[in-house]
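Please open the model in your viewer and keep the selection panel at hand. The stops below are meant to be taken in order, each beginning with something to select.

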Amino acid sequence: MIPLQTVADKLVRAIDEFSDAPALSDQSRTITYCRLGAFVEDIGRHLKTPQIVGIFGSPGVAMAASAVACVIAGRPFVHLDPAMPQMVLHNIISELQVSLVVACQDVAAGHLPRDCKTVDARGLLQGDVTLTEPLLAAAVSPDDPIYLVATSGTTGRPKCIPVAQDAAFLSYEWRDEFTSYHHGMRVGIYVFAIWEMFRPLRKGAELWFPDASTLFSPSELADFLIEHNVDEMLFTPSFYNTFLTVLDEAKAARLPLSRVILNGEVVGDDLITTSLEKLPNTDLWNLYSICETHDVCMSHLTELAGDAPVSVGVPMEHLRAIILDETDTPCPVGTSGQLHFEGPRMLGRGYINRPEETRLRFRELTIEGRETRLYDTGDQAWVDDTGALHIEGRIAHMLKLRGFSIQTRELTETLRDKLAFSSAAPWVADVGARGQSLIFYYAADASQAQANADKWGLTAGTNRMPPDFAAQMRDVLLKPIVCRRFWCKWMHCPCILFPARQTCAPCLLSRMTPTLKVLPKMP
């Protein structure tokens, strides 16, 4: 049996091999790989107990060193961003049952729960300390989490996404074929610090962390990259566009970047053109990655895409892209649909303590006669005849209710003809004894609220859809039916079907009649 290879093994090897080389730098300090190893050894005594560790602090030397220590100790961690609201941080800590927080900067009163034990990472980094004995990577299982990604929590209750050890290892090994790293290379770290920093450290590269004020000031960031001779930087396409816009000819000529990686948004030809003109010696890469699957694919942008979306490349060997239409049927080559991924070694288990959202996004489907588990990305895409993906952007958001697909944009526009509101968001959630139900959240100003009260009797708060409203919606929804007769899979009665649905209009409507919730007027 081949022993499991892990990211921790690679980090331990790098600490030993590149001992005297600089590993982590920010605007206040630099530490070598040897000093990083000593920190890992020192803080390791606090990581003996199996637990999820919180790392509190902005990206920098202390935060990066703490994350490396957790990985080598086999302790999954979650980054606690100080910019998150206090309520969100408390919810993450409660959700994951975090009892130990490594503090990488000052913690304001009340920012963390009182019962959390904290360890001061900055204190442990003081002084010139060396390793007393060789480091050993902890034993882990392939599906153990290496770290967890917590969403920003716009609802106050963020989702926590575990990234598996195996998925991270396979992703890093795969990326080496495209964007390799080496001893002496300097890599600038953008806001996706956790995502990007372990990969270069495995190879003896040096990480450079600009502070927040520098990172979001294009002119200051350019000065930072020039001053510290940074070779690579990852950007979101929108920020890279801003960065290039303020980059004058003289500063562009001095910029040492040999590689830029774009991630997080769709790339357009205008951005490619500007980059090739201003930074002709800088390789431009387009990376497609998702928290739930880690990295997926990437392409080298050397020319314009024309009318088609820019390719993001062929998915890595451990992931298979499956593009489905609204009936969950695979789309042929060149046909746009909703992008899903299959790959047992890359797909995570789902969201921590979110069984309903996990079922919505990690779907169990029969595809071409085969049972499979897919992750629904929510992205619209198509694949060309080389197998390369072309991402068109986020799809009109789709909800799933007991097997039915609900296009939220279409539902919102249909309800707009009957209901007065300024903004709205449909959602699916459990509603008491009724179980899984469709809820239509909407915000209305005073005149709209009065019109809804006069017409339908709706009040602020939660309302069941009034019978008259439901009757009018039933008339609207019955219009697009096709005159074919099949057996309704719910009521087993012969009836007229919706297009490509296996249920009749009355049965469908009876299971999808929304609850209406009025929200305060949005600013």
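The tour goes from the whole chain to one sheet, then to a group of helices, and ends at two single residues.

**The whole protein**

Before selecting anything, bear in mind that this is a predicted model. With everything displayed, the secondary structure to look through consists of 17 helices and 28 strands. The protein has 523 residues, of which 54% count as buried, and its accessible surface comes to about 23800 Å², with 52% of that area belonging to carbon and sulfur atoms. If you draw the contacts whose separation is 6 or more, 62% of them are accounted for by residues 24 or more positions apart.

**An open sheet**

Select next the six strands that form an open sheet with mixed pairing, and follow them across in the order β6-β5-β3-β4-β7-β8. The edges are β6 (117-120) and β8 (160-164), each of which pairs on one side only. Looking across the sheet, you will find neighbouring strands turned by 25 degrees against each other on average, direction ignored.

Now restrict the selection to β3 (residues 53-56) and β4 (residues 77-80), which pair in the parallel sense over four bridges. Within this pair, F56 stands opposite L80 in β4. Then add helix α6 (residues 165-175), which packs on the sheet and touches β7 (145-150) and β8, its direction making about 65 degrees with that of β8.

**Three helices**

As a general guide for this stop, two packed helices are described by the angle between their axes and the distance between the axes.

Select helix α1 (residues 7-17) together with helix α3 (residues 61-73): they pack at an angle of about 120 degrees, with their axes 8 Å apart. Why do α1 and α3 count as oblique to each other? Angles of 65 to 115 degrees count as roughly perpendicular and those over 145 as roughly antiparallel, and the angle of about 120 degrees belongs to neither range, so α1 and α3 are oblique. Their crossing is left-handed, and the side chains to display are V7, A8, L11, V12 and I15 of α1 with V68, V71 and I72 of α3, which make the contact.

Keep α3 and swap α1 for helix α2 (residues 33-43), which packs on α3 at an angle of about 60 degrees, with the axes 9 Å apart. Here α2 passes α3 in a right-handed crossing, and the contact is made by L36, F39, V40 and I43 of α2 and by A65, S66, V68, A69 and I72 of α3.

Return to α1 and colour its buried residues, namely V7, A8, K10, L11, V12, A14 and I15. To see what covers them, bring back α2, α3, β7, α6 and α7 (193-201), which are included in that cover.

**Two residues with positive phi**

For the last stop, recall that most residues other than glycine have a negative phi.

Select H294, a residue other than glycine whose phi is positive, near 65 degrees. H294 lies in strand β14 (residues 294-300). Is H294 buried or exposed? H294 counts as buried, because its relative accessibility is 1% and the cut-off for burial is under 20%.

Finally, select N353, which is not a glycine either and has a positive phi of about 55 degrees. N353 is placed in the loop between β17 (337-342) and α13 (355-361), and, at 48% relative accessibility, N353 counts as partly exposed.

Terms used. Residues numbered from 1 in each chain as written. Predicted model: local features only at pLDDT ≥ 70, side-chain atom pairs only at ≥ 80, totals over all residues. Heavy atoms only, no water. Pairing = 2+ DSSP bridges. Helix = DSSP H or I, 4+ residues; strand = E, 2+ residues; numbered from the N terminus. Axes fitted to C-alpha atoms, helices over the stretch in contact; angles between N-to-C directions. Contact = heavy atoms within 4.5 Å. Buried < 20%, exposed > 50% of the residue type's maximum accessible area, 1.4 Å probe, protein only. Areas by Shrake-Rupley, 256 points an atom, 1.4 Å probe, with all protein chains shown as cover. Parallel < 35°, antiparallel > 145°, perpendicular 65-115°, else oblique. Left-handed = near helix turned anticlockwise from the far one by under 90°.
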